[in-house]
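Okay, everyone, thanks for coming. Let me put the model up, and then I'll walk you through how the pieces meet.

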Protein chains: 2
Amino acid sequence: MPTSTSARSQGSGSASIKAVARLAGVSVATVSRVLNDSGPVKGETRRRILEVVEDLGYVPHGAARSLTTNQTDTLGVLLPDIHGEFFSELIRGIDSAARRQGYHVLVSGSHEEREEVQAVLRALRGRVDGLILMTPSADMLEALRSVPPDSLPTVLLNCPPGVLPFDSINLDNHGGAMAMVRHLAGLGHRRIAFIQGPPGNHDARERLRGYRDAVQELGLEADRRLELRGDFGVEAGSRAGERLLELSPRPTAVFAANDAMAIGCLHALREARPEGIEVPEGIAVAGFDDIPIARFMSPPLTSVGVPIAALGALALERLLEVVRQRGNPGKAGAASPPHHDELPPTLVVRGSCGARSAQSHSRRKV
Amino acid sequence: MPTSTSARSQGSGSASIKAVARLAGVSVATVSRVLNDSGPVKGETRRRILEVVEDLGYVPHGAARSLTTNQTDTLGVLLPDIHGEFFSELIRGIDSAARRQGYHVLVSGSHEEREEVQAVLRALRGRVDGLILMTPSADMLEALRSVPPDSLPTVLLNCPPGVLPFDSINLDNHGGAMAMVRHLAGLGHRRIAFIQGPPGNHDARERLRGYRDAVQELGLEADRRLELRGDFGVEAGSRAGERLLELSPRPTAVFAANDAMAIGCLHALREARPEGIEVPEGIAVAGFDDIPIARFMSPPLTSVGVPIAALGALALERLLEVVRQRGNPGKAGAASPPHHDELPPTLVVRGSCGARSAQSHSRRKV
DNA sequence: GTCCCGGCTGTAAGCGGTTACATAGGCACT
DNA sequence: AGTGCCTATGTAACCGCTTACAGCCGGGAC
């Protein structure tokens, strides 16, 4: 009766399945069977094993298991950036959906250099079963073309379409932006400024396109000077707000490509010298995303409503479908053509745009 | 000469080190050596191997490597919740510090049930090299006492102290709160309301304690009805704001235990009927955390400044120290007593509290 | 010409699991 | 009693990688 490793039960690395087997007087195979509920095990044996497991506080070693089963129960999420409430909402959605399904989430954000992203992506092999890729920059996405071994199940979230052959989920940015401009126009505005997102960002570009199309469709004032630069940051929104006031004639409304910038703009207008501009009386303001705090702004922000957390959850669920189907490829080896989802945003009308119905606030499909 | 596995090179699971070895005409050991730069390899051999690696797009399998090296290059982060900008900031700080050090980050948030957390924690064995635990609830933390095998390097972030014997990082909540009350008192306020955080939350409790201590120290009006209920959510702040107005005499200032609630409160005051309350003229408002959007509120929010991202980064670096030292325990087997860090917040004065200096805004240590 | 040594490379033993296959009773049938 | 099958269990190969150890080779010292 060997006692060599018997004293290490409570040691550093936790016990191994072998220790359990020995203490229970069975083979590792049997232990594995009861742990995974695969194969038959006599009731009494099972009981004994479970008892030892409990005693030892044994937990199977993740990496070891991954090695044989070839699955990690972990999903990766590659984000461009993690600023602001948008991302906490997104992560929250992804995380809770993941846990519900028994998966872990590996996040990686703030990627700027192509090589850096490629490196991260590579390092993910053998660590995740699938990937949610959110990369609004076409350039960056392009750089990933050859990297994520086509083998890794992947879902694209808000990525420029057509670059990578994966399932994807996008928001109808164009439609949402048009709807907002129409709404503003319906309120009587003819000269509407637009604060752009980062150049090269797909969402930003689509929103700009929606703005332009609506302006044209409705015959509103089209003036390139109305299209202010921005980068989705609050600060940029604030600066845009300042520049807005130098325009003449001054626009009567401004539509920011996201809420962060709308908030920054709101701030700049209020702080304007010599005296602050009233919103919506002086200038109406609208944003995009409807992040949770939007309704608590002053005045409450009218915005294009995006179900952010739901978007994350959806992406995760789609990904899981792919992962699981990959598990048992029913002769359908050749991947079916990528599935593409486009989510409709809603119009969320609150005080900042000056609509009469804004007392409480209304929300409607676009 | 077996050819069994030779045709799978470009298959689904990427190539293995064996494939590389075979194609390069060397043994796996040599390949491993050049990949990890361990042991000597002739220049020409190295070149040949690297070439094959490149060709095959070979990337070592994470799980396999983890199994032998007993390290995963991944750190876990357990969060209580992922609402609002506080958490995106925190995650951002952690994530960027991690990447800088070559580590991945596994996040898991929104834990409510003790058993759920325990399960998650257990599942982490063999998946992470260490853990950042943020669990402001003493109850919950207590529930983890026996779970994370004492073996897993762990750092506590904003956790109630003294429950678990790990290194920890806390904010000086008490001091920050006192400083803010002193500031408010310095502005002439004698009747200051406080919006509490969730009961059972350590940070919230400390901030409340700071408020009370300062009230007593300065001989301000002490009235339990001034201590409004809250839960760190915007909504709760808004409701607290409404209740605030029913108090008589009405407080002249309100200090919320975090910015989200301060923002909600700001909103409620402005929307008050029959007519909105001016801030700071009618009531001064202050928050805690100084989340990035705070300064863009209307009026800009005075707050206790917390270097959120830095806090996350610091936690990660501390954790890494532990992890690495664990790697080579220089006879210092017995863990040294837990190291405890307490970060000082700053006072960030802006418009919402009515200080004269709030033109631009000032920031000072407390 | 031996011996020793150092540089380079291969062999094989794990790491901690899972699982195909073999083994061994037990029991119902023929 | 022999047969066959099902149940419960053990044996050992394997997942992909690292690494201790051993082997081989060439050159300088003696």
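So, start where the two chains pair up: β2(A) and strand β2 (residues 104-108) of chain B run antiparallel, joined by three bridges. Pairing here means that DSSP finds at least two bridges between the strands, and helices (H or I, at least four residues) and strands (E, at least two) are DSSP runs, numbered from the N terminus. In that pairing, A:Val107 sits opposite B:Val105 in β2(B).

Quick housekeeping: this is a predicted model, where local features need pLDDT of at least 70 and side-chain atom pairs count only at pLDDT 80 or more, while totals for chains, interfaces and linings use all residues. Residues are numbered from 1 along each chain as its sequence is written, and chains are lettered from A and ligands numbered from 1 in the order in which they are written.

Now the whole contact: 48 residues come from chain A and 47 residues from chain B, with contact meaning C-beta atoms, placed from the backbone, within 7 Å. On the chain A side, the elements giving two or more residues are α4 (62-69), α5 (84-100), β2 (104-108), α10 (234-244) and α11 (259-271). The largest share there, nine residues, belongs to α5(A).

What about the DNA? Around strand C there are 29 residues, and the closest are A:Ile17, A:Ala29, A:Ser32, B:Ala29 and B:Pro40; near means a C-beta atom, placed from the backbone, within 6 Å. Helices α2 (28-36) and α4 from chain A, plus α2 (28-36) and α4 (62-69) from chain B, each supply at least two residues of that surface. The largest share, six residues, is from α2(A).

Note on methods. Contact = placed C-beta atoms within 7 Å.
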